[in-house]
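Here is a friendly note to read with the model open beside it. The points are short and can be checked one by one.

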Amino acid sequence: MNQHRQHSIRNAQQQNQVHDLVKGTEEMQALVSAPDIIVAELHLLCGVDKDLMCHHPYKTVLAYTEDLRTYLKSERGRKAVMSTSVPGESSSRTPVIVSGEDLRPMHDNARLIVEDICVSDVPLMYTPGQIGLAAMLVANEDLKKKRDENAEKEKAEASTSYVKIDLSSYVKYRFEGRSEKEHALLKIQMNELMAMLGELKDGKYGCGNHGIDMGALKVVHKKLKKCRRWGDISGKDENKKKKKKKRKAESG
């Protein structure tokens with residue numbers, strides 16, 4: 001009885017998910033029916049060999065944040081923390097204890113960046129691990145800039161002191177077992193990826209959260225619609241027969 005109830009609940013949840021997808025395509029003025037979505041999902045499951053384990057940048061960001069928190073508690077990690085009082089003054093590497101809450105802004109900012117990444121072409125070009133690390137680096141740089149700007153506005157106040165984290169030392173620590181060649185390659189990859197992430201807000205790399213060109217999207221949908229029955233020989237034959245009948249009717 002319980003198994004039957006659980007099965008019914010799962011079916012209801014799946015139907016709701018398909019309904020949401022249909023509604024989404026309808027709002028984009030590119031309607032895809034529920035049967036077509038279900039068939040596409042079955043093809044997708046076959047394509048991944050029923051392996052539904054998902055390695056996602058969100059998990060990578062969380063893992064790096066936890067690892068960074070542990071690293072900053074170590075003697076070596078404390079040297080990566082810089083205490084800054086007023087913009088223009090040199091940063092002092094005085095021992096500063098960094099708590100998990102101090103890393104929350106970086107973690108939350110990195111998650112927001114990943115939200116843009118997931119609706120772009122970037123996951124097709126880089127691994128979740130590379131994306132998560134680059135998102136952390138970009139989030140840290142963004143926070144530094146914002147804090148410097150805020151501190152400049154409130155220069156006269158003594159409460160403007162804050163903490164900067166040198167993530168480059170953490171990256172060296174995390175991958176210190178690698179060769180110099182691998183470190184150089186990682187640095188190039190991170191610089192390239194960070195530059196790409198900075199351009200996502202301009203709608204580049206197909207980012208669906210910014211600057212969506214609905215006209216171009218409709219053109220792509222029309223092309224995909226033609227490919228929907230790719231490989232379905234019976235479907236092609238039926239279409240050919242319909243076209244022939246239509247031509248005969250028009251000529252007659």
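1. Let us start with Arg 78, which counts as partly exposed at 36% relative accessibility. Here buried means under 20% relative accessible area, exposed means over 50%, and partly exposed is what lies in between, with a 1.4 Å probe and protein chains only. Arg 78 lies in helix α4. Its C-alpha is 7.5 Å from that of Ile 97, although 19 residues separate Arg 78 and Ile 97 in sequence.

2. A word on the basis of these remarks. The model is predicted, with local features requiring pLDDT of at least 70 and side-chain atom pairs counting only at pLDDT 80 or more, while totals for chains, interfaces and linings use all residues. Residue numbers run from 1 along each chain as its sequence is written, and side-chain values use heavy atoms, leaving out hydrogens and water.

3. For the overall fold, the protein has ten helices and two strands. Their order along the sequence is α-α-α-α-β-α-α-β-α-α-α-α. Both kinds of element are DSSP runs numbered from the N terminus: helices are H or I with at least four residues, and strands are E with at least two. Of the 252 residues in the protein, 26% are buried.

4. Next come the salt bridges, taken as a side-chain nitrogen of Lys or Arg within 4 Å of a carboxyl oxygen of Asp or Glu. The count by this rule is six. As background, side chains of opposite charge can pair when their charged atoms come close.

5. Where in the fold do Arg 69 and Glu 66 lie? Both belong to helix α3 (residues 57-73), set three residues apart, or about one turn of the helix. They form a salt bridge whose closest N and O atoms are 2.9 Å apart. Arg 69 is partly exposed, at 27% relative accessible area, and Glu 66 is also partly exposed, at 39%. Arg 69 has another contact worth a look: its C-alpha is separated by 7.2 Å from that of Ser 99, 30 residues away along the chain.

6. Arg 76 and Glu 176 make a salt bridge as well, with 2.9 Å from N to O. Arg 76 sits in helix α4 (residues 75-78) and Glu 176 in the loop between α7 and α8, so this pair ties together parts that are 100 residues apart in sequence. Arg 76 is partly exposed at 41% relative accessibility, and Glu 176 is partly exposed with a relative accessible area of 48%.

7. A further salt bridge joins Arg 104 to Glu 101, with 3.1 Å between the closest N and O atoms. Arg 104 is partly exposed, its relative accessible area being 43%.

8. Please look at the surface around Leu 42, a residue of helix α2 (residues 34-47). Together with Ile 38, Leu 44, Leu 45, Val 48 and Leu 52, Leu 42 forms a nonpolar surface patch with about 550 Å² of accessible area. Patches take residues with over 30% relative accessible area and no salt bridge, joining like charges within 9 Å and nonpolar side chains (Val, Leu, Ile, Met, Phe, Trp, Tyr) within 5 Å. The areas come from the Shrake-Rupley method with a 1.4 Å probe, and for residues only the protein chains shown count as cover.

9. The second largest pocket holds about 360 Å³ of space. Its lining has 15 residues, and those closest to its centre are Leu 137, Leu 167, Ser 168, Val 171 and Lys 187. A pocket is an open set of points on a 1 Å grid over the protein atoms alone, where a 1.4 Å probe fits and protein lies on both sides within 12 Å along at least five of seven lines; lining residues have an atom within 4 Å of a point. Grid points are joined across faces, edges and corners, and the volume is the space filled by probe spheres set on them.

10. Which helix gives the most to the lining of the second largest pocket? That is α8, with six residues. Helices α6 (128-153), α7 (167-174) and α8 (180-198) each supply at least two residues of this lining.

11. Finally, please check the backbone at Tyr 205, a residue other than glycine whose phi is positive, near 60°. Most residues other than glycine have a negative phi. Tyr 205 is in the loop between α8 and α9 (214-227) and is partly exposed at 30% relative accessibility.
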